[in-house]
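Trainee: Got a minute to go through this one with me?
Mentor: Sure, put it up and ask away.

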Amino acid sequence: MTTEQHQPGWRVLSASQIGSVHLRDHLPLQDSVHTWTNGTQAIAAVADGHGHRAHFRSDTGAALATVCAVEELRRVLGDLDDPETAGDVVTSAAAALVDSWVAKVQHHIEANPYDATDERQAAAISDPLRPYGTTILAAAVSGDLLVVLQIGDGDSVIVTDQGEALRAVADDPQLDGLHTSSLCEPDPLSALRTSVLDARVDDIALLFLCTDGFGTNRVDAEGWWRQTGEQLVDFGRTRGLDWMRDQLPGWLEEPARIGGDDTTMAIVVRADLGAAAVTRPVPTEPTPLPELVNTLDRP
Amino acid sequence: MSDRLGGALARKPLHFIFVLDVSGSMMRGGRIQALNNAISEVLPHLRDEARANPHAELLIRVLAFANEPRWVIEEPTSVEDIHWERLEAVPRGFTELGSALLTLTDALSHLDESSSAYPPAIILVSDGRPTQSSGTTFAEGLQALLNNRWGATAVRLALGVGRDADMHSLRRFIGDEDVPLLRADNPEQLVEYIVWASKAASKVASRPVVGGGGLSAVPPSPIGDPIWSTLG
């Protein structure tokens, strides 16, 4: 049996829904999600562009952040072969991500300079990154090695094969539900949180990344992410990954409507999780897709 | 297992608190009547705001103050359930704003400590200079408010009534120099300014964004004659 045959396969599911407040206020979708996979390696990135009017280009900032995250993590995927060095690799990738994001934002500003006659844009001239403010959450998996990086709010959660959910990165004490760390700050790497996990040792079935729109309005404010993880593993095992992919936009629609904020989730899941579900009957019809905007990635 | 991922959802409370001056000077020039009319008129607008913000549960409280603070509506009450009963000014009543801010702070300290609520919106209306007959200065009351997590993050707006309003204190209450400080000089202005402030505060406080408030709404231009400034 070759080494390749031992490599676990991974799939990525993702979707994004615009929040009801964004629709009300004629704001764009300011979340972004970008993913990549070749079957044995996978990358997912989600970003939440800040909604404050000072961050009036945060939809672009979020989109650039997810692009940069996938680019930089793809660049180091080949180096993710040793748990001992993977921490340094992901930290370096995060630094490169920040540099790349700043460079791309500056290119965007050059192409779309601020209008000094506009009060809001004029204020950005002295702090040019601020209008693009965004969080970034990203994960990469290569074989059994899984790395996570995060700057700002949102949730990165790993879930074991038994359905036990664990926070993928340490808490950020600066996050109080009202303020967040951001890529637009002078030293975003001071708020960088990373982790390295061995999917085989830790028995990881999946990882999900979501913007704060998904969890903020949960009745069970402390435990919703555990329930989410347990459900995802159960759904994957009993209904299959295609069913999860089809349900994901609908799962995001309700928090986006009730909570008002854009809501985005990316799931990196072991491809064999749903293998047994193929032979099982589907208990219920899939719920219809909502009418709101979504960016479902269909591999 | 439910097909709904992540469990049940609920609207987050948005606490909206009016802090109203009912000192003796509010009896002059029909100010207290105008204030009552303004609150009555703002309620339909707040109901509209509540309907336009389905993600937020708009809850109203009203704190009046003269010689001492007094909750007019102490329990957070849905705007749909508010039936406004007219306030009376306290004859020769002082302007114990510092004491009122302590009472307000105490109420805020009972709010949920988790992040499952929007920052409160607080609208202060006063026509005079804060007194300290109770022993609590305005500065002490304000500091207590700002030391409270919710007080510090609240969307704070203030309206002066007439020329004797202490605009310096009201500005300190607001804190943010970019937030307009308005002075109403006649009943029509008071109504219009309270409606504006209420809608602006509601929108800012309920916007689920990171980075806090930031009023973008432009306040209305003064209308009518400045009768309270000329009559004193």
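Mentor: We can take chain A and its core, then move on to the sheet in chain B, keeping in mind that this is a predicted model.

Trainee: OK, chain A. How many helices and strands are there?
Mentor: Chain A has seven helices and ten strands. Of its 299 residues, 53% are buried.

Trainee: And the contacts, what share join residues at least 24 apart?
Mentor: It's 78%, taken among chain A contacts between residues at least 6 apart in sequence.

Trainee: Which residues have the most contacts inside the largest nonpolar core?
Mentor: Ala139(A), Leu206(A) and Val268(A), in a core of 81 residues. Helix α4 of chain A, residues 83-111, gives the largest share of that core, with nine residues.

Trainee: Sticking with Val268(A), what is it in contact with, leaving aside neighbours within four places in sequence?
Mentor: Its contacts include Ala139(A) and Leu206(A), and also Trp10(A), Val12(A), Ala42(A) and Ala44(A). Val141(A) and Leu207(A) are on the list too.

Trainee: Back to α4(A). Which of its residues are buried?
Mentor: Ala86(A), Val89(A), Val90(A), Ala93(A), Ala94(A), Leu97(A), Val98(A), Trp101(A) and Val105(A).

Trainee: Why do the numbers step along like that?
Mentor: An α-helix has 3.6 residues a turn, so residues three or four places apart point the same way.

Trainee: What covers those buried residues of α4(A)?
Mentor: The cover includes helix α3 (58-76) and the strands β4 (136-142), β5 (145-151) and β8 (193-198), again from chain A.

Trainee: What span should α4(A) have, and how far apart are its ends?
Mentor: With 29 residues at 1.5 Å a residue, α4(A) should span 42 Å, and its end C-alpha atoms are 41 Å apart, so that agrees.

Trainee: Changing topic: what's the strand order in the open sheet of chain B?
Mentor: β3-β2-β1-β4-β5-β6, six strands with mixed pairing. The edges are β3 (69-78) and β6 (182-184), each pairing on one side only. On average, neighbouring strands are turned by 20° against each other, direction ignored.

Trainee: Do β1 and β2 of chain B pair parallel or antiparallel?
Mentor: Parallel, over ten bridges, with β1 at residues 12-21 and β2 at 56-65. Along that pair, Phe18(B) stands opposite Val62(B).

Trainee: Which strands does α1 of chain B touch?
Mentor: Helix α1(B), residues 31-52, packs on the sheet against β1, β2, β4 and β5, and its direction makes about 170° with that of β2(B). Helix α2(B), residues 97-108, also packs on the sheet, touching β1, β2, β3 and β4, at about 145° to β2(B).

Note on methods
Residues numbered from 1 in each chain as written. Chains lettered and ligands numbered in written order. Predicted model: local features only at pLDDT ≥ 70, side-chain atom pairs only at ≥ 80, totals over all residues. Core = buried A, V, L, I, M, F, W, Y, C linked by C-beta atoms within 7 Å. Buried ≥ 20, exposed ≤ 12 C-beta atoms within 10 Å, placed from the backbone. Helix = DSSP H or I, 4+ residues; strand = E, 2+ residues; numbered from the N terminus. Contact = placed C-beta atoms within 7 Å. Pairing = 2+ DSSP bridges. Axes fitted to C-alpha atoms, helices over the stretch in contact; angles between N-to-C directions. Expected span 1.5 Å × (residues − 1).
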